[in-house]
Amino acid sequence: MKKLFILMGAALLLSSCVTQKIPAVKEASIVDYKKYWDQGFFITESPSISFEYIPIGAVTVNLQDGYEAIANNNTNNTAEKKTGWASRSRGAQSAATAKYTDKLARFSLYDAIDMAVAKAKENGADGLINVSIDIARVTTSKQTTYGGTADTGSGYGYVVKGMAIKRK
């Protein structure tokens with residue numbers, strides 16, 4: 001009986017509860033659109049503006065930190081062959097069958113905004129209105145994607161949306 005109490009005491013000591021403390025976060029930031037204004041490109045988070053415009057279309061950019069895919073040599077897209085980046089909307093290989101390098105690609109919020117501006121300009125726009133920015137912390141080592149799971153480590157994901165316009 002004495003051995004049972006010693007065993008139970010040891011088990012209790014070895015399996016004590018530990019409370020994980022979450023650090024307080026106190027931060028502020030600003031997204032600077034001035035560099036785009038200096039290029040003659042108008043950006044606002046407002047859904048309405050005081051000048052006339054022609055709507056071009058909706059722009060959505062989704063960037064997530066993760067390992068770069070090895071280029072699919074069967075593709076006809078030169079950029080995909082050079083960089084390994086492929087758009088899921090163009091029939092890219094799924095994450096389940098893709099092969100990855102050991103190089104972790106990290107993106108910033110400005111990478112996502114730059115990409116949105118470039119896509120809008122590519123379609124004849126000189127502005128984005130009703131811009132929304134979503135930032136997500138990727139904290140798991142496996143992330144579910146369209147084609148399966150991919151090992152992404154931890155990092156950030158950015159989604160930038162807006163309506164491309166042409167000012168009159």
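Rings of Phe, Tyr and Trp (for Trp, the six-membered ring) pair if their centres lie within 6.5 Å; planes under 30 degrees apart count as stacked, over 60 as edge-to-face and the rest as tilted. The model is predicted: local features need pLDDT of at least 70, and side-chain atom pairs count only at pLDDT 80 or more, while totals for chains, interfaces and linings use all residues. Residues are numbered from 1 along each chain as its sequence is written, and side-chain values use heavy atoms, with hydrogens and water left out.

**Exercise 1. Describe the ring cluster that contains F42, and state how its members are placed relative to solvent.**

Step 1. The structure holds two aromatic pairs. In one of them, the ring centres of W37 and F42 are 6.2 Å apart and the planes stand at 65°, so this pair is edge-to-face. The rings of F42 and F51 also pair edge-to-face, because their centres are 5.2 Å apart and their planes are at 80°.

Step 2. Through these ring pairs, W37, F42 and F51 are linked into a cluster.

Step 3. Classify the members by relative accessible area: buried is under 20%, exposed is over 50%, and partly exposed is in between (1.4 Å probe, protein chains only). F42 is buried at 16%, F51 is partly exposed at 29%, and W37 is exposed at 51%.

**Exercise 2. Locate D65 and list what its side chain reaches.**

Step 1. Strands are DSSP runs of E with at least two residues, helices are runs of H or I with at least four, and both are numbered from the N terminus. D65 lies in the loop between β2 (53-64) and β3 (66-69).

Step 2. With a relative accessible area of 3%, D65 is buried.

Step 3. A polar contact is a pair of N or O atoms within 3.5 Å; within protein, one must be able to donate a hydrogen and the other to accept it, and residues adjacent in sequence count only if both atoms are side-chain atoms. The D65 side chain makes such a contact with the side chain of R106 at 3.4 Å. The D65 side chain also reaches the backbone nitrogen of F107, at 2.8 Å.

**Exercise 3. Determine which elements supply the largest nonpolar core.**

Step 1. A nonpolar core is a set of buried Ala, Val, Leu, Ile, Met, Phe, Trp, Tyr and Cys residues joined through side-chain atoms within 4.5 Å. The largest one has 21 residues, and I43, I113 and L128 have the most contacts inside it.

Step 2. At least two residues of this core come from each of β2, α4 (109-122), β5 (127-138) and β8 (155-167). The largest share, six residues, is supplied by α4.

Step 3. Contact means heavy atoms within 4.5 Å. Leaving out residues up to four places away in sequence, I43 touches Y33, Y36, I113, V117, L128 and V131.

**Exercise 4. Identify where confidence is lowest and highest in the chain.**

Step 1. pLDDT is the predictor's confidence in each residue, from 0 to 100. Its mean over the protein chain is 78, and 67% of the residues reach 70 or more.

Step 2. Confidence is lowest in helix α3 (residues 78-83), with a mean of 43, and highest in strand β1 (residues 42-43), at 97. The pLDDT is below 50 over residues 77-92, a stretch with 22 contacts in the model beyond near neighbours in sequence.
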